[in-house]
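Trainee: I should like a close look at a single part of this model. Please describe how one sheet is put together, beginning at one of its edges, and what packs on it.

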Amino acid sequence: LPLPPGLSSPDFDSVCKALRGVVGDDWLVTEEAKLAGYDDPYSPGVTADYDPSGAVLPASVEEIRAILAIANRHALPLWTVSLGRNYAYGGAAPCLKGSMILDLKRMTKIEVDPELAYAIVEPGVTYLDLYKFIQDKKYGLWIDCTDPGWGSVLGNTLEHGIGYTPYGDHAGQQCGMEVVLASGELLRTGLGAMDGNVAWPVYKYAFGPTLDGLFMQSNYGVVTKIGVWLMPAPEFFSVVEMMVPHEEDIAALIDTLRPLRLDGTVPTATIANWMRIAAGNTTRAEWYNGKGPLPPNEVDNLMHEMGIGHWGLRFGLYGPERVVAQQRDVVENAFSHIENVEIGVSSYRRGEAIPPEHATLAGVPSVDLMPLNWLGGAGAHIECPLVVPMQGAAFLELYRRRTALFNAEGFDHYCGLTSTTPRCFINTGSIIFDRNDAEQCARARRLGRTLIEDAHKRRLAGYRAHISEMDLVAAQFDFNDHAAMRLYRTLKDTLDPNGILSPGKQGIWPKALREAKNKGGETP
Amino acid sequence: VTPPHAPDRREVLKLGAAAALMLAAPAAVAAGSSTSLLGGAATVIADARYPESLTFAEILMRRGAAAVTRRSDIGGTWFHDIAPLLPGRLQSLCGLTLQSDLFILQRLAEGTSACTAYAGTHDWRYSGGATHTLAGTIDLDGVAAALDQGGDVWSGCLGAALFAANEGHRNEQRLKLRCTMPAGRGPRYFVSWIMRWAA
């Protein structure tokens with residue numbers, strides 16, 4: 001196992017002894033077999049480059065503070081994870097090899113206020129846990145969950161994760177945050193900065209600067225608690241699903257959707273291409289046994305046999321029955337102008353059972369990873385989802401270009417568009433590969449890098465990236481000679497002068513490691 | 001969207017016959033010995049989308065294993081059907097499934113003292129025969145022989161052989177073999193596996 005950079009083996013033993021003194025013997029992990037659980041399960045052949053040296057699992061804020069004190073004393077790099085299920089972006093694996101994982105999974109407290117419709121959760125709370133908690137208490141509230149729902153609510157929110165209900169912009173529904181700074185100081189953001197303020201989880205701002213964003217996708221502190229707004233269970237819920245047959249129909253689909261998203265008729269929406277639909281239900285071998293991407297005639301055959309179009313659009317409408325009925329009329333009238341569109345609607349009253357295919361639109365978490373089986377083998381995927389404006393023609397051009405890039409590396413183009421805010425999409429383009437196949441891993445890595453570089457040429461960027469590509473994406477934010485990164489570094493050096501918290505996260509490296517790199521050192 | 005390939009009726013009949021064949025297997029193969037991993041409180045997960053998985057489960061069911069039909073998501077199967085049996089009421093869990101199901105189950109089982117005693121991949125996505133790669137602490141020779149002779153009824157033979165396989169080795173054994181390609185449409189890539197909990 002690697003040692004933390006700069007620490008000798010005796011130093012590391014001494015650090016481990018001190019950490020055991022804080023968390024107990026059972027909650028410091030240094031055995032190789034157990035640490036394998038912190039490897040990136042979807043690593044495209046680069047697992048060894050991101051091996052941790054160990055993992056420490058505190059159960060409380062006090063234990064975190066004690067761990068930070070030890071880390072500061074020994075310059076021990078810590079890589080903070082809530083549960084480490086940030087799959088496709090590195091899982092629990094650290095950017096800096098030899099980091100100690102600060103695993104917060106033991107912190108699992110949940111509080112819910114059913115009247116004001118919010119929850120306060122610790123890092124170890126999964127979407128499944130929060131859903132069950134609310135169901136058991138019979139609160140009339142819905143959560144919004146990712147798909148799959150086994151990840152941390154807090155972790156996903158900090159990573160700007162998304163879901164499929166009107167509360168799908170998770171960072172947008174966060175309100176109130178408790179953070180331990182690298183110094184060990186504990187702070188609360190927003191109105192929580194006033195001891196005992198009862199409005200802390202219901203108003204996002206405060207008297208002064210808004211700090212919450214500083215602790216999302218960053219390495220400035222350890223977030224130990226967040227407030228999350230919950231959606232009142234609607235009286236009525238309709239799922240609208242539609243398909244259009246041709247690739248070029250995406251332009252009309254998007255341009256029809258945009259005004260409905262802007263005026264609030266449609267609260268959120270997801271679009272999937274043929275492959276995303278096919279991979280969610282079948283495997284590639286059921287359609288084609290050649291190598292390389294499916295030829296166009298085979299794609300046509302697949303769409304015909306599955307009864308799907310090139311694109312599917314899906315969203316929920318939520319509210320009183322009469323309101324939803326009117327929204328449905330508006331929606332059907334708008335989209336019926338698209339040639340050959342097929343529209344289907346399913347509706348549910350409050351309390352009615354919602355079938356699995358519509359569960360995520362009702363905030364019901366599940367755990368399934370069917371698309372990983374697309375190619376067979378040990379399925380994995382990596383992502384660098386772009387943020388794209390909601391404009392049909394521009395997206396069609398981008399889609400065609402990215403399809404050509406996927407196909408050039410021998411992959412089918414898996415494409416999804418999710419609109420959790422009304423003016424843009426998060427454009428997922430999963431690169432699905434067999435992680436046991438070295439040649440496929442190499443192609444997947446190459447394609448990932450190509451997609452990121454191609455996006456930059458079009459002045460588009462990913463909102464998340466795999467740990468192996470964080471530096472590349474961060475470097476693309478180049479306005480005024482990377483002024484934003486200069487500020488991020490200033491903040492890093494001020495808030496975490498010893499550089500102990502998640503070095504390299506989102507391309508933000510502490511001063512010592514930046515200087516080592518400038519001198520030609522290997523790290524980072 | 002409804003999955004497109006419901007099992008063909010002829011395939012089902014053929015697989016039914018395979019199941020009957022497995023039931024008539026010699027006693028030495030049919031009966032799990034005292035050291036068989038699946039001889040105790042075993043549960044098998046059956047994925048109704050795939051005839052191979054159903055046949056595998058049926059063979060084990062007829063030998064005394066409890067069967068659970070995979071729900072629409074494997075997480076639901078874990079939380080509703082498997083986790084309530086832990087700890088104590090489940091010693092072994094097995095299945096012939098898609099790879100992602102094993103991946104998820106292994107992670108959901110973290111913290112329950114589970115270990116994967118055996119995992120095999122069965123791959124005939126491309127022409128040129130089927131490749132089976134087996135790994136585990138069980139005696140793999142019988143499993144390999146069953147696959148070698150299994151032909152189109154390989155999944156039933158595999159189920160019977162895994163039921164009969166003893167826990168034979170302290171260290172993991174690995175074995176790779178190539179066989180004739182089974183007939184039928186489908187994913188043409190499955191994983192057979194046994195997870196184990198201490199009694």
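Mentor: A residue counts as buried when its relative accessible area is under 20%, as exposed when it is over 50%, and as partly exposed in between, with a 1.4 Å probe and protein chains only. The model is predicted, so local features need pLDDT of at least 70 and side-chain atom pairs pLDDT 80 or more, while totals for chains, interfaces and linings use all residues. Residues are numbered from 1 along each chain as its sequence is written, chains are lettered from A and ligands numbered from 1 in the order in which they are written, and side-chain values use heavy atoms, without hydrogens and water.

I begin with strand E17 of chain A, residues 386–389 (strands are DSSP runs E of at least two residues, helices runs H or I of at least four, numbered from the N terminus). Its side chains alternate: A:Leu386 and A:Val388 are buried on one face, whereas A:Val387 and A:Pro389 point to the other face and are not buried. E17(A) runs antiparallel to strand E19 of chain A, residues 424–428, and four bridges join the two. Within this pairing, A:Val388 has A:Phe425 of E19(A) as its bridge partner.

Strands count as paired if DSSP finds at least two bridges between them. On that basis E17 belongs to an open, antiparallel sheet of seven strands in chain A, in the order E15-E12-E14-E13-E18-E19-E17. E17 and strand E15 (342–349) of chain A form its edges; each has a single partner strand, so one side of each has no neighbour in the sheet. From one strand to the next, the twist averages 20°. At the E15 edge, eight bridges connect E15(A) to strand E12 of chain A, residues 236–244, and these two strands run antiparallel. Here A:Met243 lies opposite A:Glu342 of E15(A).

Helix H6(A) packs on this sheet, touching E12, E13 (269–273), E14 (311–319), E18 (416–419) and E19 of chain A (contact means heavy atoms within 4.5 Å). The direction of H6(A) makes about 175° with that of E13(A), where angles run from 0 to 180 degrees between N-to-C directions of axes fitted to C-alpha atoms, for helices over the stretch in contact.

H6(A), residues 249–262, also meets helix H9(A), residues 321–335: their axes come within 10 Å and cross at roughly 150°. The two helices are therefore roughly antiparallel (over 145 degrees; under 35 is roughly parallel, 65 to 115 roughly perpendicular, the rest oblique). Their crossing is right-handed, the near helix being turned clockwise from the far one by less than a right angle. H6(A) contributes A:Leu253, A:Thr256, A:Leu257 and A:Leu260 to the contact, and H9(A) contributes A:Val330, A:Val331, A:Ala334 and A:Phe335. Seven of these contact residues are nonpolar, one is polar and none is charged. Nonpolar covers Ala, Val, Leu, Ile, Met, Phe, Trp, Tyr, Cys and Pro, charged covers Asp, Glu, Lys and Arg, and the others, Gly among them, are polar.

For reference, chain A also holds an open sheet of four strands, ordered E1-E2-E4-E3, with mixed pairing. Its edges are E1 (28–29) and E3 (78–81) of chain A, each with a single partner strand, so one side of each lacks a neighbour in the sheet. Four bridges join E3(A) to E4(A), residues 100–103, and this pair runs parallel. A:Trp79 stands opposite A:Ile101 of E4(A).
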